[in-house]
Amino acid sequence: MTFTAAVADQRFVLDHIVRLDELAATDRFAAASPDVVDAVLDGIAQFAQGEWAPLNRAGDTVGATWTPDGVVMPAGYPEAYRAYVEGGWGTIGVPEQFGGQGLPFVIQAAVLETLGTANMGFALAPILSVGAIEALAHHGSPQQQETYLPRLATGEWTGTMNLTEPQAGSDVGALRTTATPRGDGTFSIKGTKIYISFGDHDMAENIVHLVLARTPGAPAGTRGISLFLVPKVRLDGTPNDVRVVSIEHKMGLHASPTCVLSFGDHDDCLGELIGAEYGGMRAMFTMMNNARLNVGLQGVQVAEGATQKAAAYARERVQGARDGRPAAIVEHADVRRMLLRMKAQTLAARALVYYACGMVDRAGLGDAKAKERLEIMTPLAKAHATDLGNEVASIGVQIHGGMGYVEETGAAQFFRDARITPIYEGTNGIQAADLVGRKLAMSNGGAFADLIADMRAEAQHPRLVKLIDACESVGRRLQTAESDDRQAASYPFLTMLSVASCGWLMERSARVDGADAVRKTAAAFYLDQLVPEALGLEAAANAPAKVLYDLPADAF
């Protein structure tokens, strides 16, 4: 099967869900003319299909390799990465003052979607650089910005995020990496970080590590954390004291080296403070919030790829009969049900994530309501889109039957690659906790009420209206519920609100003049069959936490 970028659907969503014309009407995004956007979408499609997609299989079967001299990528990867840099694809969403093209964040998201659908593991490299750029653009000193951002923007150098330690996973406040002042404005960094995606590779001359650490005497917990810039190679060309201890042997994403990094083994690891001392968490969330949207985008990537592969197989695989004649399995009702579910969920995930990415741009223009909407949509986009990526990839294996379980078809790779996405950049359970713990309370519940009001103003399908009503009822109850009850309800509520949001956007898109038969049919299926499933979660979202604690821990 040949991968084909979803350019037409991307353009449709940009026009009718994001409403890109409104962004392009501003001075900041005036460059995002229809001709430019079309050129970007078509250009990255041709590049991804020609340069990155052919490497996907080797990325999975060969993968990145650890050596004593560092991580070596599979054959062809360094050359394909250089082609990405030379094509200027990393500069799309970077502000012009830092060497970028200054196009909207949502256009950058479309570029990353296409790259990731072609080769999801490979696309993690530019995704991580986007996070590093965000942190430095918002918190870096003018000198740090001048020195590092142009090279990060082009992709000449790549970036990483170094948060997790062996004893400090989701509990970031437990980290132990230290940063000791050297008296010349730099710091000596010492510690170990794990799960560092693209923590080392042979595709770029330098890697810019952003590292969370504690200075001497720092307060305990998250209040005492600072963020440091630690290059693999110092500006004078001297290798920094950063060592790749190992890379993980993983279920999927084999093209993305997940590294254990040791800083300061020889007490000679130099770093620079980014922003204020003890401002690490604030800077981290600048990276994390947009990174969470990009992980949600990975859910779209894997769903699109799995759907294309499953549909191609279903059209070709002859099995059984229909109307007395041998038939491809696409003619059987249950296979059509699965394919339509895959298509509807993929379109819904793309609409949800692009809508949230559009709010990044509107918030950057100073729209206060968009900033609040982005806050409440981020956990939905990250969690629900990655849940859908897993669901769609699993259905893709099912459509392939026994051959889906056999690695040579490639269907299993989507399933394996997808499984990390609900885990990293804050587990989906953490996203649900964030939704009910912080986002529902924003503006005394006003942000949530505004979302409900916007959905209700457009919703027409009776089941969608009923789901929106149920979300409002549950959300209001959770705003005043006890902590355990609120947490127990968090995941079913997140799913309900996500499906309501997707249903709202799917219904809107189906009403657009020119919406094709695929979109209209997928929207009808979504509203008739998937929205009622979410309504079935209302009981769980209203259930008290008591039953979860009726058993002692050792009974599990």
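Let me begin with a term: a residue is called buried when its relative accessible area is under 20%, exposed when that area is over 50%, and partly exposed in between, using a 1.4 Å probe and protein chains only. What we are looking at is a predicted model, in which local features need pLDDT of at least 70, side-chain atom pairs count only at pLDDT 80 or more, and totals for chains, interfaces and linings use all residues. Residues are numbered from 1 along each chain as its sequence is written, and side-chain values use heavy atoms, with hydrogens and water left out.

I will start with helix α13, where helices (H or I, at least four residues) and strands (E, at least two) are DSSP runs numbered from the N terminus. In α13, residues 428-439, the buried residues are N428, Q431, A432, D434, L435, V436 and K439. Their cover includes α9, α11, α15 and α16, with contact meaning heavy atoms within 4.5 Å.

The next helix along, for our purposes, is α14, which runs over residues 446-458. This helix has 13 residues and reaches 19 Å from its first C-alpha to its last, close to the 18 Å expected at 1.5 Å a residue, where the expected span is 1.5 Å times one less than the number of residues. Its buried residues are G446, A447, F448, L451, I452 and M455, and among the elements that cover them are α11 (368-400), α15 (462-479) and α16 (483-510). As a general point, an α-helix has 3.6 residues a turn, so residues three or four places apart point the same way.

What does L497 touch, leaving aside residues up to four places away in sequence? The list is L380, L435, F448, L451, I452, M455 and C471. L435 is among the buried residues of α13, while F448, L451, I452 and M455 are among those of α14.

That brings us to the nonpolar core, by which I mean a set of buried Ala, Val, Leu, Ile, Met, Phe, Trp, Tyr and Cys residues joined through side-chain atoms within 4.5 Å. The largest such core has 184 residues, and those with the most contacts inside it are L115, I399, F493 and L497. Helix α10, residues 333-364, gives the largest share of this core, with 17 residues. In soluble globular proteins, nonpolar side chains tend to be buried together.

Now to the empty space. On a 1 Å grid over the protein atoms alone, a cavity is a set of points where a 1.4 Å probe fits but cannot get out, whereas a pocket is an open set with protein on both sides within 12 Å along at least five of seven lines, and lining residues have an atom within 4 Å of a point. Grid points are joined across faces, edges and corners, and a volume is the space filled by probe spheres set on the points.

The structure holds 2 cavities of 30 Å³ or more, and the largest has a volume of about 100 Å³. Its lining has 16 residues, of which Y84, W89, G90, P126 and V130 lie nearest the centre. At least two lining residues come from each of α5 (77-86), α6 (105-118), α7 (120-139) and α8 (142-154).

For classes, Ala, Val, Leu, Ile, Met, Phe, Trp, Tyr, Cys and Pro count as nonpolar, Asp, Glu, Lys and Arg as charged, and the others, Gly among them, as polar. The lining of the largest cavity then divides into 11 nonpolar, 5 polar and no charged residues.

The second largest cavity holds about 40 Å³, and its lining has 2 nonpolar, 6 polar and 2 charged residues. Helix α4 supplies the largest share of that lining, 3 residues.

The second largest pocket has about 420 Å³ of space and is lined by 22 residues, with A53, N56, A118, K309 and F414 nearest its centre. Helix α9 gives the most to this lining, with 4 residues. N56 also lines the second largest cavity.

Finally, two loop residues. F198 sits between β5 (187-197) and β6 (206-214) and has a phi near 50 degrees, a positive value in a residue other than glycine; F198 counts as buried because its relative accessibility is 1%. Y278, in the loop between β10 (270-274) and α9, has a phi near 70 degrees, again positive in a residue other than glycine, but Y278 counts as partly exposed because its relative accessibility is 34%.
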